Number of protein chains: 2
Amino acid sequence: MAQKLTLKKIAQDLNVSISTVSKALRDSHEISVETRDKIKDYAKKYNYKPNNIALSLKNQKTKKIGIIIPEIVHHFFATVISGIEKVANEKGYQVIICLSGESFDKEVVNMDMLANGSIDGFIMSLSKETLERQDFHHLREVLNQGMPIVMFDRVVDSIACDKIIIDDVAAAQSATDFLLRKGKKNLGIISTVDYVNVGKLRTQGFKDALLKRGIKFKESSVLRIEDAENCTKSIEKFLKQGNYDGVVAVNELFAVTASKALKKMGKSIPDDVAIIAFTDGMLSKYASPTLTTIGQKGEDMGGLAAAKLIERLESKHDMEESYETVIVKTSLVERESTP
Amino acid sequence: MAQKLTLKKIAQDLNVSISTVSKALRDSHEISVETRDKIKDYAKKYNYKPNNIALSLKNQKTKKIGIIIPEIVHHFFATVISGIEKVANEKGYQVIICLSGESFDKEVVNMDMLANGSIDGFIMSLSKETLERQDFHHLREVLNQGMPIVMFDRVVDSIACDKIIIDDVAAAQSATDFLLRKGKKNLGIISTVDYVNVGKLRTQGFKDALLKRGIKFKESSVLRIEDAENCTKSIEKFLKQGNYDGVVAVNELFAVTASKALKKMGKSIPDDVAIIAFTDGMLSKYASPTLTTIGQKGEDMGGLAAAKLIERLESKHDMEESYETVIVKTSLVERESTP
DNA sequence: TTGTAAGCGTTATCAG
DNA sequence: CTGATAACGCTTACAA
């Protein structure tokens, strides 16, 4: 069990000083070619690699990015991480992931832990509970220490930092309008409770689209789901009562659940009822019928977030106070659930 | 932008020495109650938190676990991470995630980076390319340095370390037998290329189940898929030629693809053809028809892997050379795709 | 009861 | 050309 090699050991073994070794390995011209080669050969032979922790302490930077998201088992978040990881890796950074599990406390604890030197900056999407409480002191504290944050998807206006979002209102509006253009007249939307801002914004877009075409908007055409695990019953009831010919769903899960409910009711998709969903993930691609979706480009969002954060980390603090909100274009992926 | 508080600054502000501050904050009885309280109040007021990097360097342990997996967008891996994260967090550890993207080189590079002090141990599942090449020098190097590794799912026998797996042979055998018991006679299996060991093992189990019942096994009843992205054509062809009444698929994706192909061919599921898949994820739950699956308990596997790793990290090096392979029981989840 | 000093592994500055 | 020293932030013998 060969212990890890350090500068100190190399120095001892080769009867030189630590600083000589350090300089030789960094190709300093102060060192004679002979000693340099001797040291470099030795280092290569025994596979010396500098200790990252020591470097972090010395340089006051870790080359690590902290990611805090609600859940990793949601495909959208997984794609975002994938995008972050890719860009981060290219630029020599690594990612530390913490899950809040939609809990405010866990979000705070994890953030505190990471903020104490483990990382250089954060990329995060807020937990539902945090959004509900509207308590953002942990974010403020971190920003106050001079540690940058990039928020994505679930963001809040009142925090000054870089943000990567999609234009939820516009996307929902165009999704809704898409159904209207296909000749659907009586639309319903399956959304989340309002404190989840993306749900609220998408509902707003739905409403806007109707009003723009002079169709009156009824509150009863909105279903706001609290508990995604047990949404089947309420979706069935909603669809039965509304007798819609077009449905907008704010995520894939609501959409497939609606699709199943409709089939059970003997409706044919897309002829009797058309469905369009947010989040272009696995379910949409493989459900029967396949679902028309608004793609959220999770990987792009992650990549942009990472690029933005790293840019800020590596700029000489000269981009102070000029925060940017990037709006990522969504894409409409047409499949079988719409005519 | 309040700079981060350190022991040094507290010491200066309060006109005491650094070690006094350190001791006071750790409730040392060496320190008088007055100074202790004074220091603790000050620390609390300005929200002092010790720097993790400094602690890591001092203690020679980071309280971080490195995870290396092929992809995060695969639901199974996401559930495993979720399980790891949960257990790790409970025990005061955090997770650093690196993705190999099924590439050998990326796996090696990432592992090297993490091994240089950033983490205390690894949890990993090998990339396809690594399995194909059978080159495990990077694993050996890490183990040689005394850094523990726990492998899961895609493991190799020749590396001595703890492993968390499912009994792929037995699971495939029981899945196959399940179809036979339901009266199916002519079975096919959709698997991966053989160097992916789980594919190979599951194919083996399929074969075993047939032989055990005295049914002869034909090589032609195995489809080995190389490229999961473009498997539709080959699956269609395979199903048409074989005219099976029961299909085992080594993952969800192959299963839904098969399901769609069969429906297109006018077959009814499960009456004409029954399907059983590995990996109980989103697709199986929401496909039409829903799929009967072998649940791999990703979250459990992750939790066990984390627990095992941490146990090894925190034991006083007295469990040397006694590596364990934990076999996690799979569960059969019956849904609509089987009678 | 408090302070000094060494050490974790590096790098950078300054002497020799 | 080479080496000693300080520093990053912290803990912990050991002195005072």
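Let me start at the DNA, where a polar side-chain atom of K58(B) lies 3.0 Å from a base nitrogen of DNA strand C. Please keep in mind throughout that this is a predicted model.

Staying with strand C, we find 27 residues surrounding it, and the closest are S19(B), T20(B), K23(B), T35(B) and K58(B). If we then ask which atoms of strand C come within 4 Å of the protein, sugar and phosphate account for 63% of them. One contact to the backbone of this strand comes from chain A, where a polar side-chain atom of K8(A) sits 2.9 Å from a phosphate oxygen of DNA strand C. Chain A also reaches a base, in that a polar backbone atom of A54(A) is 3.5 Å from a base nitrogen of DNA strand C.

Which helices build this surface? At least two residues each come from α1 (7-14), α2 and α4 of chain A, and likewise from α2 and α4 of chain B, with α2(A) giving the most, namely four residues. Sorted by class, the surface near strand C holds nine nonpolar, ten polar and eight charged residues.

Now to the other strand. DNA strand D is surrounded by 26 residues, of which the closest are T20(A), K23(A), T35(A), L7(B) and Y48(B), and here sugar and phosphate make up 62% of the strand's atoms that come within 4 Å of the protein. From chain A, a polar side-chain atom of S19(A) lies 3.1 Å from a base nitrogen of DNA strand D, while a polar backbone atom of K58(A) is 3.4 Å from a base oxygen of that strand. From chain B, an N or O atom in the side chain of K8(B) is 3.1 Å from a phosphate oxygen of DNA strand D.

The elements that each supply at least two residues of the surface near strand D are α2 (18-25) and α4 (52-59) of chain A, together with α1 (7-14), α2 (18-25) and α4 (52-59) of chain B. The largest share, four residues, comes from α2(B), and by class the surface near strand D has nine nonpolar, ten polar and seven charged residues.

Let me turn to how the two protein chains meet. Chain A and chain B each bring 55 residues to the contact, and the area buried between them is about 4,800 Å², with carbon and sulfur atoms giving 56% of that area. On the chain A side, I53(A), N116(A) and Y286(A) lose the most area to chain B, together 14% of what that side buries.

What polar features cross this interface? There are 23 residue pairs in polar contact across the interface of chain A and chain B, and four salt bridges, one of which joins the side chains of D112(A) and K49(B) at 3.4 Å, N to O. Several elements of chain A each supply at least two residues of the side that touches chain B, including α4, α5 (75-90) and α6 (104-115), and the largest share of that side, seven residues, comes from α5(A). By class, that side of chain A has 24 nonpolar, 21 polar and ten charged residues.

Salt bridges also occur elsewhere, and a search of the whole structure finds 34 over all chains. In chain A, the side chains of R312(A) and D162(A) meet at 2.6 Å, N to O; R312(A) lies in helix α14 (residues 298-314) and D162(A) in strand β5 (residues 162-166), so this pair ties together parts that are 150 residues apart in sequence. Both R312(A) and D162(A) are buried.

A second pair uses that helix too: E324(A) forms a salt bridge with K308(A), whose closest N and O atoms are 2.5 Å apart. K308(A) lies in helix α14 and E324(A) in the loop between α14 and β11 (325-328), so parts 16 residues apart in sequence are tied together. Is each partner buried or partly exposed? E324(A), at 38% relative accessibility, counts as partly exposed, whereas K308(A) is buried, with a relative accessible area of 10%.

Finally, in chain B, D177(B) and R213(B) form a salt bridge with closest N and O atoms 3.0 Å apart. D177(B) is in helix α9 (residues 168-181) and R213(B) in the loop between α10 (197-212) and β7 (222-225), 36 residues apart. D177(B) is buried at 18% relative accessible area, and R213(B) is partly exposed at 43%.

Terms used:
Residues are numbered from 1 along each chain as its sequence is written. Chains are lettered from A and ligands numbered from 1 in the order in which they are written. This is a predicted model: local features need pLDDT of at least 70, side-chain atom pairs count only at pLDDT 80 or more; totals for chains, interfaces and linings use all residues. Side-chain values use heavy atoms; hydrogens and water are left out. A residue is near a molecule or strand if one of its heavy atoms lies within 4 Å of it. A polar contact is a pair of N or O atoms within 3.5 Å; within protein, one must be able to donate a hydrogen and the other to accept it, and residues adjacent in sequence count only if both atoms are side-chain atoms. Ala, Val, Leu, Ile, Met, Phe, Trp, Tyr, Cys and Pro count as nonpolar, Asp, Glu, Lys and Arg as charged, and the others, Gly among them, as polar. Contact means heavy atoms within 4.5 Å. Buried area is the accessible area (1.4 Å probe) that two parts lose on being put together, summed over both. Buried means under 20% relative accessible area, exposed over 50%, partly exposed in between (1.4 Å probe, protein chains only).
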